[in-house]
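Student: I would like a close look at a single part of this structure, with the surroundings of one residue worked through carefully. Could you take me through it step by step?

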Amino acid sequence: MNVALDTLSLLPEVFVLGGAIVALLAGSFLPRNRQVATRWIAIWALMASVVAAAVGMMQPSTTIFEASFAVDIGSGFGRIIIALGTIFVIVLGIEELSGTRRESETYALLLLAALGAMLLSGASDLLILVTGYLLTSIPLYALIGMSRSPHAAEAAMKTYLLGALLGIMMMLGVTVLFGVGGGTSYRQLGPALLGAPAAAVAVGVVAVLGGLMFKAGGVPGHFWIPDATQAAGTAVAAFLTTIPKVGALVAAYRLLDIIPASIDWPLLVGLLAAASMTLGNLAAFWQDDVRRLLGWSTVSQVGYLLLPVAVAGRSDLALPSLLLYLAGYAATNLTAFAVVAALPTRRAITDYRGAASSHPWLAGALVVSLLGLVGTPPTIVFVGKLTTLAAAWDGGLVWLVVIAVINSVASLFYYLRWLAPMFSRTPALSYPTATLSPVAAAARARRRWAAHSAITGAVFVLVLGVVAGGILSIAGSPLVH
Amino acid sequence: MLSLVVFLPVLTAVFLVVVPRVPDRAARWAWLGIALIDLALLVGMWIAFDSPKPGDLAYEEQLQWMPSVGSSYHLGVDGLSLPLLTLTAVIFAACAVYALRENDRPRPQAALFLFLQSACLGVFAAQDLILFFVFFDLSLVGMYFVIAGWGHGNAARSALKFFLYTFLGSLALLLGFIGLYLGADPHTFDMAELAQSPPFQNSPVAGGFVLAAILIGLAIKTPTFPFHTWLPPAHTDAPAIGSAVLAGVLLKMGTYGFVRIAMPLLPDAWRSWAWVIIVVGIVSVLYGALVALAQTDVKRMIAYTSVNHMGYIVLAVGAAGVVSDSSAQAQELAVTGAVVQMVSHGLITSALFLLAGVLYERRQSYDLNAFGGLAAPAPRYAAFFAVAAFASLGLPGFSGFIAEFQIFAGSIGTVPLSLLALPGILITAALFLLASQRLLTGKPRGLSTGFSDLNTNETLSIGSLLVLSVVIGVFPRFLLDIIEPAASVVVNLVSR
């Protein structure tokens, strides 16, 4: 093992960690009105991380630190999506976060949580997996509670309790797998678990998956998602419904890839997928708060994202489709949140009535992102859904494909409940500008940075859909253990 | 060239949306201008068209898109798609003329219809299943916004029902496409390659399920009994030009899918299940006609006659799947009739919906009983309505006659049971005569008094559609020469 070379492969993570520390230190010394510097520190650190990750992807796949961390296509995609997504979150939150009391801490915590998600996406050792889990979870508890409202406190508490419970479960699972496999690195576990008692392997896998489902926000670890999405700040909500999922789902894929067929884990993951998408959709049906609606919609999206995980290693399309869908989901979901962030005074669906006439570009961005989440072509999620469905069918889970299709139709209903009133001819906020008090006028205005990021995001969602073929071919190589 | 035809409208739409402060008048004329240019390009392609060899395409274009999943940007034209492409351009141009006096947000309306036109043209030009699906789904999105944005009555609800229902259909279609992809060896979404070596030739069960998914998707879109319930509300609450496009173009995507995808790509399964398709066709014919007979709302009535007319097409393509030693000629006749019926129904029903739209624009009502004696105040309207009604019931001299004659000659030739659908023609005749009588004859009463006649735009747009129907009815050769070679290719493919 060459420590220097291995550390060099971790450069993307090192940049993010460095950025978090520098932002935190600088934040403690800078006066409130100059805290904006920490934002730039965070963005530059993440940019450097993207570049380092892209360079890393051009090297041959390998494992580092005695096979405990994989530097391959999975972690490469994971790092880039996570870093770019976090930059997007910071930009869409510029107006919301700048000048607040805890600006620098927010950036530092976002970076640390992003670092944890990166670790999850590359973990090929159960202990690294646990580390990544804790590193993503703990900053999130703080971030959710940061807005200091009673609801936020409740949401933070809920998240913490659920996270602690499922985290302990996960460690229990790791212990069991260690006990029957005689090691924690996937390279060791793969062959060892073949001969291990199936019941013990099943207990271990279920427990570890439970923890990952908490991070991904899928059934059964989804309870915190809607509360946290509604109560936390918009930027934090965008972050927590997107970034941890990327890490957790790649981690789940990586783990299941080495679990032997002695237990029927495709069925288990398939059931979790079906439960997530169905529950998420049914719960989203009659939500009136747009952020809560988006929260439930992300639960259902995890269901679709679990399709390729359920056929890990059983279809050539499984890994490329998962990575493509993750990239598409991140771009699309963040765009929807950017629209919400750009119109901070509109919180309920009814507030969006007539918004298209005053904010046509934002309305366009919302149409692209919400129809994108449904899977309408030519957006990127369409290609993602197409390939994940094909992968799941190819892997033998036809029943799950049918459930996913029915759920997609159902999801259209609540997205349209939000979209349709926007194009109504009678606006919800229809007082003439002249009579507005300055405060109300300021509240009515859109937030510029958030609006620009929403429009950029929407363009990105469409462009990614057109170049999806290229992404799929890049994502074609297998994972390493 | 073909890409230009497909994308010219949407590029104009983007221009109209992005450039700030385009005056309304300019937007309306830009829409009309582009629609006419597109039509002229297609007419040029029609004149230069030379029926390609079986398995080949004219004006073919292919670019790499997603090589790792066997999907490419593949456009092409043959005798099945060229008439429908031209029909699309004709109907959109007629709508642009009709909407020249529109005052309700003309700029976004023009952009939306141009977008929709690109989506519709794309469906008929696509030679790759994913590309087909992309355009197919975009046409739903466009139509949703047309109904929700410019509809009347309970437009939001009808638009939602339309979108949900047809989206379900499109996803069923997508399932079928994925099945075809996985069944093919090597995996591909390319229609031409799939037609050359069709998947599931020796696995009737899997092939049956894949066909079922595709059939459900297409049947919802067409729509056939029992998947038609979204159609009447969508039509009733849609604006006039929206209805014209919905009936004239969007419904054809379903029936086009039968001859373009289901028959050539799943011949084995198609032949096995042909009897189901025939029965669905006959039921649609009779049910559509009977329910239309009972309507008092003009638009609902026309909507149900669409179910009836689409039923003939389904019957014909079903009958074309019944293969015997001496049936090739009858099968070809049935498929040719089906394609002619698509064109004919597109022209006539669009004209009827535009005429219905005139009623609503003047009097905010579609109620047949609220009008009466329209012939006196509005003679031109009355003449047009009567002509459209006669054309729709299949009178000789109109395109509908050519189509229905071929369909019945072909279907009865292979499946004598098709005789059961004949009363459909009789009921349609009765209902159109009844409607014309209620609406046009007698003394002007109710909402008819003071009804102003068709203005120039309305006359031009509706008139051109009816003239084309007559031209096809009297000189059908120019159309049949294009369709017949392609129909025989389809029959050969389905009979393998």
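Tutor: The model is a predicted one, and a good place to begin is Thr166(B), which is found in helix 6 of chain B. Thr166(B) has 27 other C-beta atoms within 10 Å, and because a residue counts as buried when that number is 20 or more, Thr166(B) is buried. Leaving aside the neighbours within four places in sequence, the residues in contact with Thr166(B) are Leu140(B), Ile220(B), Lys221(B) and Trp230(B). Gly217(B) lies 51 residues away from Thr166(B) along the chain, yet the C-alpha atoms of the two are separated by 8.0 Å.

The helix that carries Thr166(B) can be examined in turn. Helix 6 of chain B runs over residues 155–183, and at 1.5 Å a residue its 29 residues should span 42 Å, which agrees with the 41 Å between its end C-alpha atoms. Of those 29 residues 23 are buried, so helix 6 of chain B is largely enclosed by the rest of the structure.

Turning to the contact between the chains, chain A contributes 25 residues and chain B contributes 25 residues. On the side of chain A that touches chain B, at least two residues each come from helix 19 (380–394), helix 20 (398–422) and helix 23 (468–474) of chain A. Helix 20 of chain A gives the most to that side, with 8 residues. By residue type, the side of chain A that touches chain B divides into 18 nonpolar, 6 polar and 1 charged.

Methods:
Residues numbered from 1 in each chain as written. Chains lettered and ligands numbered in written order. Predicted model: local features only at pLDDT ≥ 70, side-chain atom pairs only at ≥ 80, totals over all residues. Helix = DSSP H or I, 4+ residues; strand = E, 2+ residues; numbered from the N terminus. Expected span 1.5 Å × (residues − 1). Buried ≥ 20, exposed ≤ 12 C-beta atoms within 10 Å, placed from the backbone. Contact = placed C-beta atoms within 7 Å. Nonpolar A, V, L, I, M, F, W, Y, C, P; charged D, E, K, R; others polar.
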